[in-house]
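Trainee: Got a minute to go through this structure with me? I'd like to start with the strands and then get to the charged pairs.

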Amino acid sequence: MLLKAVFFDAAGTLIKAARPVGESYALAAKRHGMEVPPEEIRKRFRLCFSSAPPLAFPGAAGGEVKALERLWWKDLVRRIFEPYGQFAHFDDYFSELFGYFSKPESWSLYPEAVETLSALRERGFILEVISNFDSRLFAILEGLGIASRFDSIVISSQVGCAKPAAEIFQAALGLHRLKPEEAMHVGDSPDKDAAGASGAGLTGVLLDRNGKTVLDSFPRVRDLKEILSLVDRQT
């Protein structure tokens, strides 16, 4: 069946933090009286993020979602700093941190993102984002100038399920009445993106920028431009 759509993960695929996460967390923490080396925070972030519950709130009313998103992140950040003793000004710190990562200027596009999206649009593909992110993503993508390049942006916190669950891919497909085999999904997570999409019947493509993943189960690209040769073979 002819490929009609290309879906993308957001963070780590289309966009990245403008400054390393550990550095951003550490700089803000120091201003609020807590000094922890950026490298330690980076390790704690990876550990706590990987063990956190999905950023999804099944059954939540639309008006509740943003408050639930903020609480999800606040709990995660609190756990990151648990080993370092009392954080007296944690609430003020978290408010600054959450606000910082809400700003488009705190993020940057991967260099080949715009070129790749333009080429896919010229080929007539439906383009969507599927991300385990929160509502801040809409303003971030808008501020970076790429929101309008997508037909839809699907985030886990609003859908009520997160990658790798098949339901979030099905929700994205349903927006344009697509069959799974008509869509490709590209992302940097072997489990959440490549395996999740494949499990839902899409073509899952792993973005492995560093070439470090030992995995032959899925098509693999080193940058977003390599997607063009993949889609051209399927059209």
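Mentor: Sure, we'll take one strand and its neighbours, then the salt bridges, then the cysteines. Keep in mind that this is a predicted model.

Trainee: OK, strand 6 then. How many of its residues are buried?

Mentor: Five of its five residues, so to speak the whole run 183–187, are buried. Ala183, His185 and Gly187 point one way, while Met184 and Val186 point the other way.

Trainee: In which sense does strand 6 pair with strand 1?

Mentor: Parallel, over four bridges, with strand 1 covering residues 5–8. If you want a spot to click on, phenylalanine 8 stands opposite valine 186.

Trainee: And what about strand 6 and strand 7?

Mentor: Those two also pair in the parallel sense, over four bridges, and strand 7 is residues 203–207. There, methionine 184 sits opposite threonine 203. To get from strand 6 to strand 7 the chain runs through helix 9, residues 190–199, and that β-α-β crossover is right-handed.

Trainee: Which residues of helix 9 are buried?

Mentor: Asp193, Ala194, Gly196 and Ala197 are buried there. The cover over the buried residues of helix 9 includes helix 8, strand 6 and strand 7.

Trainee: What happens just after helix 9?

Mentor: Look at glycine 201, which takes a positive phi of about 95 degrees.

Trainee: You listed Asp193 as buried. What does aspartate 193 form a salt bridge with?

Mentor: With lysine 163, and the closest N and O atoms are 2.8 Å apart. Lysine 163 lies in the loop between helix 7 (156–159) and helix 8 (166–174), and aspartate 193 is in helix 9, so the pair ties together parts that are 30 residues apart in sequence. Lysine 163 and aspartate 193 are both buried.

Trainee: Which residues are joined into one network there?

Mentor: Asp9, Lys163 and Asp193, through salt bridges that share partners.

Trainee: How many salt bridges are there by count?

Mentor: The count comes to 12. Another one to look at is glutamate 112 with arginine 209, where the closest N and O atoms are 2.8 Å apart. That pair links distant parts of the chain, 97 residues apart: glutamate 112 is in the loop between strand 3 (107–109) and helix 5 (113–122), and arginine 209 is in the loop between strand 7 and strand 8 (220–221).

Trainee: Is glutamate 112 buried or exposed?

Mentor: Buried, with a relative accessible area of 8%. Arginine 209 counts as partly exposed, because its relative accessibility is 21% and the cut-off for buried is under 20%.

Trainee: What does aspartate 134 pair up with in a salt bridge?

Mentor: Arginine 136, with the closest N and O atoms 2.9 Å apart. Aspartate 134 is at 0% relative accessibility, so it counts as buried. Arginine 136 counts as buried too, at 12%.

Trainee: Changing topic to the cysteines. How many disulfides are there?

Mentor: The count comes to zero disulfides.

Trainee: And cysteine 48, where does its relative accessibility put it?

Mentor: At 3%, so cysteine 48 counts as buried. Cysteine 161 is buried as well, with a relative accessible area of 14%.

Trainee: Great, I'll go and click through those pairs in the viewer.

Definitions and conventions: Residues are numbered from 1 along each chain as its sequence is written. This is a predicted model: local features need pLDDT of at least 70, side-chain atom pairs count only at pLDDT 80 or more; totals for chains, interfaces and linings use all residues. Side-chain values use heavy atoms; hydrogens and water are left out. Buried means under 20% relative accessible area, exposed over 50%, partly exposed in between (1.4 Å probe, protein chains only). Two strands pair if DSSP finds at least two bridges between them. A crossover is right-handed if, with the strands pointing away from the viewer, the path from the first strand over the helix to the second runs clockwise. A salt bridge is a side-chain nitrogen of Lys or Arg within 4 Å of a carboxyl oxygen of Asp or Glu. Contact means heavy atoms within 4.5 Å. A disulfide is a pair of cysteine sulfur atoms within 2.5 Å.
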